[in-house]
Amino acid sequence: MRQRQRRTFARLLGSLVLVAGAGLTSVGASAAPAAGAPRPLGQIVPAPASVSAGGTAYTIAPATPLRVSGGSPEAQRIGDYLAGVLRPSTGYALPVTAAAGDDGIRLLLGADDDALGDEGYRLTSRGGSLTIAANEPAGLFHGVQTLRQLLPANVEKRTKQSGPWKVAGGTVTDFPRYAYRGAMIDVSRHFFTVAQVERYIDQLALYKINELHLHLSDDQGWRIAVDSWPRLAPYGGQTQVGGGKGGFYTKDDYKAILAHASSRYMEVVPEIDTPGHINAALASYAELNCNGVAPPLYTGTKVGFSSLCVPKDVTYRFFDDVVREIAALTPGRYVHIGGDEAQSTSKEDYETFMDRAQPVVGKYGKTVMAWHQIVEADPVEGAVAQYWGTLGNEADVAAAARAGTRLIMSPANRAYLDMKYDAKSPLGTNWAGYVEVDKSYQWDPDTFVKGVPAEAVLGVEAPIWSETLSTSAQIEYMAFPRLQGIAEIGWSPASTHDWASYKVRLAQQGPRMAALGIAYYRSPLVPWV
């Protein structure tokens, strides 16, 4: 109920974001603030729900303290995080203290404001102090991300920079449109280390993403250790697209990713793709194949050729063991069971498998998530289908949504970050078309699939598949700046979505991404600073 209240309230307040002085200008060229002048409160991404600008700017000074709600370990941790961002670039001590006071940067939990929900915040900047107040720690953390963006881009650098460090006067009141705002990284086609995934998590957090979907298994690699099936990861994870060495996460590695995501108020959604996209497992254990013969490991990029042997009981013992072990490690609500591109599984076998697999997820206390092909079977009550189509006319998806299946919207021709920008893009694929930054931004999750009721849309996700991507720089080049647009679609009121004004705010992110070392694509459609 609270999330519905937030979405309704967001729509009511959306028009307030575009008030004069908020900084969401619709001019066609980007204008950076004058030297030493604070950034207008509305010039952030995602756009805030409402802005009331005015009053004296707040300046972070050498004697500024970071005051946190007394007795709150979460507030203390967020304060320490903020200090870690600000200290290297400002050169200031910025002590984090639970001592009460009306000065400094104040991080306050317990706002007792129903309008903010669990992830909203209120940032108030005035001459003597800057206060971020929230009901819950996630909201406080999101408010800190807004503070980062309101400061000069050089605040992100790890060496001392010149100030001043000013925040414009006024109030930002902000909360998300959708509860689910995700990004997926495919670690199966190419393997990415714990450090690389943590780097991506940090980049996502700046734009208030709260879900990290890990695609942990596919034809080219099995990336998570499973004690009851010990050959899966060491054997099935030893290669990747093109024949590289691959890799896998030990359980301690996976826990490290979970812990880092949690520290950024991000839930992890692990995916084990079934019954197709499963060659790495079939190669690891011959008994999972209907003919009892293990196929060779696969390093190509074709899809749809592999399938678990649906009639065999060992298939369900395998699935139960894998889900049990991953669910025990994962504090999040969801286990994603794939379900896409199962061309080598007959329709009857697909339905049989899903009928037997879905209750296993529930048995271990998790909610089923799957690609939208699950609607071709019978989604269990509470299941979440992730839509990745391109047409928006899928009647079966709309019917399932009307019947109670919730949807995560990831249309491939809008939200897939591995699609080429244009014909000259050196990376990515184009099976869903070319997706420039404007096309990625200009769509509405509530209306993309005809016949889907808006209340069925749980949120959005930006997947990035790694057939052509093997380094962090390549991931960043394809993700940024399209990721920011998907983040804004997920967070900001629909009434604020306007390409002309958005591209100006996006342009302001260029120096910040550069300061963070993000190897972003400089789209010619954006008037970069």
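## Notebook: a first walk through the chain

I started with one residue, Gln 203, and found that its relative accessibility is 8%, so Gln 203 counts as buried, the cut-off being under 20%. I should say at once that this is a predicted model. Gln 203 sits in helix α4, which spans residues 194–205. I then asked which residues Gln 203 is in contact with, leaving aside neighbours within four places in sequence. I found Glu 476, Phe 480 and Ile 518.

**Entry: the whole chain**

Next I stepped back to look at the chain as a whole. I noted 15 helices and 19 strands in its secondary structure. The radius of gyration is 23 Å and the globule rule gives 24 Å for 529 residues, so I wrote the chain down as being as compact as a globular protein of that length. I also looked up the box that the C-alpha atoms fill, and along the principal axes it is roughly 75 × 45 × 45 Å.

How much of the chain is made up of buried residues? I got 61% of the 529 residues. For contacts with a separation of 6 or more, I saw that 75% are between residues 24 or more positions apart. The accessible surface comes to about 18,100 Å², and carbon and sulfur atoms account for 53% of that. I looked up charges too: there are 49 positive and 52 negative side chains, and the centres of the two sets lie 8 Å apart.

**Entry: the seven-stranded sheet**

I went to the sheets next, with a reminder to myself. Strands of a sheet pair through backbone hydrogen bonds, either parallel or antiparallel. I followed one open sheet of seven strands, in the order β1-β9-β6-β7-β5-β3-β4, with mixed pairing. Its edge strands are β1 (50–53) and β4 (96–97), and each of them pairs on one side only.

I checked three of the pairings inside this sheet.

- Strand β6 (residues 121–126) and strand β9 (residues 170–174) are antiparallel, with five bridges; here I found Tyr 121 opposite Asp 174 in β9.
- Strand β3 (residues 66–68) runs parallel to strand β5 (residues 104–109), joined by three bridges; Val 68 has Leu 107 in β5 as its bridge partner.
- Strand β7 (residues 129–134) pairs with β5 in the parallel sense over six bridges; Leu 108 has Ala 133 in β7 as its bridge partner.

**Entry: strand β17 and its neighbours**

Farther along I stopped at strand β17 (residues 384–387). In a regular strand the side chains alternate between the two faces of the sheet. Are the two faces of β17 covered or open? I found both covered: Val 384 and Gln 386 are buried on one side, and Ala 385 and Tyr 387 are buried on the other.

β17 runs parallel to strand β16 (residues 367–371), joined by three bridges. It is also parallel to strand β18 (residues 406–409), with four bridges. I could trace both pairings through Ala 385: this residue is the bridge partner of Ala 370, and in β18 its own bridge partner is Leu 407.

**Entry: three more residues**

I picked Val 323 in helix α8 (residues 313–329). Its relative accessibility is 5%, so I count Val 323 as buried. Beyond residues up to four places away in sequence, Val 323 touches Val 360, Val 361 and Tyr 364. I also looked at Pro 270, which is 53 residues from Val 323 along the chain, and their C-alpha atoms are separated by 9.8 Å.

Gln 238 took me to the loop between α5 (232–236) and α6 (251–263). Because its relative accessibility is 37%, Gln 238 counts as partly exposed. Setting aside residues up to four places away in sequence, Gln 238 touches Ala 233, Gly 244, Lys 245, Gly 246 and Leu 297. Its C-alpha atom is separated by 9.1 Å from that of Gln 220, 18 residues apart along the chain.

I finished with Ser 470, in the loop between β19 (457–464) and α13 (472–479). The relative accessible area of Ser 470 is 34%, so I noted it as partly exposed. Leaving aside neighbours within four places in sequence, I found Ser 470 in contact with His 190 and Phe 192. Arg 189 lies 281 residues from Ser 470 along the chain, and yet I read a C-alpha separation of 8.7 Å for the two.

Notes:
Residues are numbered from 1 along each chain as its sequence is written. This is a predicted model: local features need pLDDT of at least 70, side-chain atom pairs count only at pLDDT 80 or more; totals for chains, interfaces and linings use all residues. Side-chain values use heavy atoms; hydrogens and water are left out. Two strands pair if DSSP finds at least two bridges between them. The radius of gyration is taken over C-alpha atoms; the globule rule is 2.2 Å times the number of residues to the power 0.38. Buried means under 20% relative accessible area, exposed over 50%, partly exposed in between (1.4 Å probe, protein chains only). Contact means heavy atoms within 4.5 Å. Accessible areas come from the Shrake-Rupley method with a 1.4 Å probe; for residues, only the protein chains shown count as cover. Lys and Arg count as positive and Asp and Glu as negative; His and the chain ends are not counted. The place of a charge is taken as NZ of Lys, CZ of Arg, CG of Asp or CD of Glu.
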